[in-house]
Amino acid sequence: MRAYLTIVHPLYPFLDRSTVWKLHKSLTRQEQLAATIPQIDIALMHLVYAIGSRCLQLLGKIDASKNVPEGHFLSAMKAVSEDLKFTSIRSIEVTLLLAIHSMRSPSGTSVWHLSGLAIRQCLELGLHKQRMVDSRNVQLDQHRKRLFWSVYIFERKTALVLGRPFALSDEEIDLDLPMSVDDDEEEEGNLISALGMEPSLQQTERTILSYHCLHVELYQIHTEIRLALHRMKRTSTKEQAQQMMSALFEKLEDWRTKVLNTYDVRSERVLPASRSRDTNRRREPGDSGSDVSGSEQEIQHRPIEVERSELLLEYHKARRSLLQPLMTEGRQNFPFDTADFTACAEASGQICQLYRRIHRLSPTPFSLRDLHAVFVAGFTLIYCVCTCPSIYSAQRVGDVGACSTVLYVISEQWSSAKKYRDAFEVVAEKMMESKKKCQEIGSLNYLDTQPSGALSTATRAGKRSASGEPNSVSKGASSGPGAQNGDETLSSDTGNGFIEESRFQTPSYNTAILPETGDELSFQHDPHATMWHTGLELDLNLEYDIYGIEGLLSNEGLDWFTGAVL
């Protein structure tokens, strides 16, 4: 119970805490009441137990044996067989729990199908439409909003990883975000107080639901990013594409500023005594707290640094998702220069660094979605360095090391992740060896091969970067990672270099399989992409490893990497 409420509930706060604790007490302490509990509620609780015990299992807790999560899952399936035939609020909650379980478990139903089913159930009940609300049903209205937006976040995350269209357009949604309040035993009073509060104050004061609301806002920007990338393929002028991208970078920066203001450590509010009692008491992993009633359950607040780092991680994921397609597919309308490669490498490196930081702050049960994110970020980083060697620096080496560390941690939790870890290690090692060879050759050969016009172009690019004049991409990057106080990022040096623009190839489509889920992924890639030249190419000769690595990368939709670098 505590593992679920601490790890999963902050992002997906669709279950009522007090109701869940009451059901938990009825099932574990009062057997005579357990017989009267509806079967769908029993299924819901078993899924909560299955997800929580799986999280403990991934963390290596000794009381979470191998069969505990699977046993709870099977019990849930046995209890829910008939109830999912009819759409209700509870059936949507159970469907979302099934999807969350499948994402964290090596077995289960397709995450793609479950997330789509949950969205369609929400549409059937009209949860995506705003309703008239008065003081008598405000709590029910907030519960419905949290449920819909939790399904929204999960579906958006799934679609982005799988490279598939979103199940619901944002234009069809006219539902407000839930109020940013504390969903504790005083929730009803918190909601009434929030109704009379200025909207600006609701947005800046940190509450338990701040984390959830900020995620919703970011994935609305993610939706705009995907639509913009599709429109850019049909855009006739570079100016229109650049304006479109600059507007998206500005939205991301505004969101990041809001995160830093909300999660400002210096102005962290003090939790009320009624909600912070006993939070310092150390509990053993098996202490479920079932000996007290639901109203007496204290909220397990996560450290502010953990939530802040996770939100900044999402920010850099969004930047990478915008920059990487521009770098590998959009060269015709959006040519990259050294500053843009630096921005993409910075975003990818910060994903790796923040994953490592989060693990150090608090042990984290990683999911397959996390494996995909850090794996793709690591190879995007290597792609940037191999394509534009002038951005190679000590920080890039540190970012590669952070990616390697996180992959090792994930492989300890997921045995299937070892092949991804090993593939990255091989490619990263070969990249380092190639870079050393380039450094041994020296810069004289590079200077001899450059025409005078190229050198002057490089000089201009370096001066522009140093002076801070923004271009189409670096306008967003110049105020991005490391530019503001409070962001847990590392600065990187932008070297001078000349990049020759290669010909844009029409992208084709590849179908891949996501390990452990059986879902097909559709990714755009350029099989004929050629490495852009800077005078010193990084020649990665992977010998016999190349075939296995190429197949693995192809399965994850990284054909743009294999076609250009390997």
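**Figure 1. F148, a buried ring, and its partner Y152.** In this predicted model, F148 has a relative accessibility of 0%, so this residue counts as buried. Its partner is tucked away too: Y152 is buried, with 1% relative accessible area. The two rings make an aromatic pair. What kind of pair do F148 and Y152 form? A tilted one, with 6.5 Å from centre to centre and 35 degrees between the planes. Why are the two about one helical turn apart? Because F148 and Y152 sit 4 residues apart in helix α8, which covers residues 138-162. Across the whole structure, a search turns up 9 aromatic pairs.

**Figure 2. An aromatic cluster.** Which residues gather here in one aromatic cluster? They are F375, F379, Y420 and F424.

**Figure 3. Arginines over rings.** Here we look at two spots where an arginine meets an aromatic ring. In one, R54 places its charged end over the ring of W414, 4.8 Å from the ring's centre. In the other, R369 lies over the face of F154, with 4.8 Å to the ring centre.

**Figure 4. Stepping back to the whole chain.** The protein chain holds 23 helices and 2 strands. Of its 566 residues, 55% are buried. How much of the accessible surface belongs to carbon and sulfur atoms? That share is 51% of about 24,500 Å². As for contacts between residues at least 6 apart in sequence, 79% join residues at least 24 apart.

Technical notes. Residues numbered from 1 in each chain as written. Predicted model: local features only at pLDDT ≥ 70, side-chain atom pairs only at ≥ 80, totals over all residues. Heavy atoms only, no water. Buried < 20%, exposed > 50% of the residue type's maximum accessible area, 1.4 Å probe, protein only. Contact = heavy atoms within 4.5 Å. Areas by Shrake-Rupley, 256 points an atom, 1.4 Å probe, with all protein chains shown as cover. Phe/Tyr/Trp six-rings, centres within 6.5 Å; stacked < 30°, edge-to-face > 60°. Lys NZ or Arg CZ within 6 Å of the ring centre and 35° of its normal.
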